[in-house]
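Welcome, and thank you for taking a look at this structure. Let us walk through it together, with a few charged side chains as our guides.

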Amino acid sequence: MVSDNTKLGTGLLFLGCVFLFLGIIFLFDSALLALGDFLFLTGLTMTIGVSRTIRFFSRRDRMRGIVAFFGGIALVMCKWGMIGIILQLYGIVYLFGQFFPIVAQSLKSAPVIGSVFDNPAVERFLGNFGSVGSGGSSRGGVLPSRMPPV
């Protein structure tokens, strides 16, 4: 059973992504980007909890991504929207890159977009995200498309 905080946090994460997208579409509007950052961080905290969020953002092996992400937020708050969002995107890829192949693997079973994620070129592209940084997977970021026979 999913708790109410997790449901609310997921909604806030979605709204944060929507406002970040709108901020980019409207020529890097700093107000929309700042609101998106606030909603994203609040939603992440409510989804996984305060202690796990602090633990996630205080890992030494991810320090480059953490500094880039929060530095991008600081630049957005100082109305340097384009540079800030580029820095944030680098931080997000560095921090959350290991989750992209997992999400792609689960999206393969989706009815409409599953065939896109089943493409070998897309698999290779998303598989490269798993090896970003020192916390990458030991397989070099490549996920098997099918389980081998036993």
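A residue is called buried when its relative accessible area is under 20%, exposed when that value is over 50%, and partly exposed in between. Keep in mind that the model you see is predicted.

With those cut-offs in hand, start at R59: its relative accessibility is 32%, so R59 counts as partly exposed. The side chain of R59 meets that of D61 in a salt bridge, with 2.9 Å from N to O. D61 is partly exposed as well, at a relative accessible area of 29%.

How many salt bridges does a search of the whole structure find? There are two. Besides the pair just visited, E123 bridges to K108, and their closest N and O atoms are 2.4 Å apart. E123 sits in helix α8 (residues 120-128), while K108 belongs to the loop between α6 (100-107) and α7 (114-117), so this pair ties together parts 15 residues apart in sequence. K108 is buried, with a relative accessible area of 19%, whereas E123 is partly exposed at 26%.

Now turn to D37, in helix α2 (residues 30-48). D37 is buried but has no salt bridge; K79, the nearest side chain of opposite charge, is 12 Å away. Leaving aside residues up to four places away in sequence, D37 touches L20, I73, V76 and Q88.

Our last stop is on the surface. F21, L22, I25 and F26 make a nonpolar patch of about 400 Å² there. Of these, I25 is found in helix α1 (residues 4-25) and is partly exposed, with a relative accessible area of 46%.

How values were computed:
Residues are numbered from 1 along each chain as its sequence is written. This is a predicted model: local features need pLDDT of at least 70, side-chain atom pairs count only at pLDDT 80 or more; totals for chains, interfaces and linings use all residues. Side-chain values use heavy atoms; hydrogens and water are left out. Patches are made of residues with over 30% relative accessible area and no salt bridge: like charges are joined within 9 Å, nonpolar side chains (Val, Leu, Ile, Met, Phe, Trp, Tyr) within 5 Å. Accessible areas come from the Shrake-Rupley method with a 1.4 Å probe; for residues, only the protein chains shown count as cover. A salt bridge is a side-chain nitrogen of Lys or Arg within 4 Å of a carboxyl oxygen of Asp or Glu. Helices (H or I, at least four residues) and strands (E, at least two) are DSSP runs, numbered from the N terminus. Buried means under 20% relative accessible area, exposed over 50%, partly exposed in between (1.4 Å probe, protein chains only). Lys and Arg count as positive and Asp and Glu as negative; His and the chain ends are not counted. Contact means heavy atoms within 4.5 Å.
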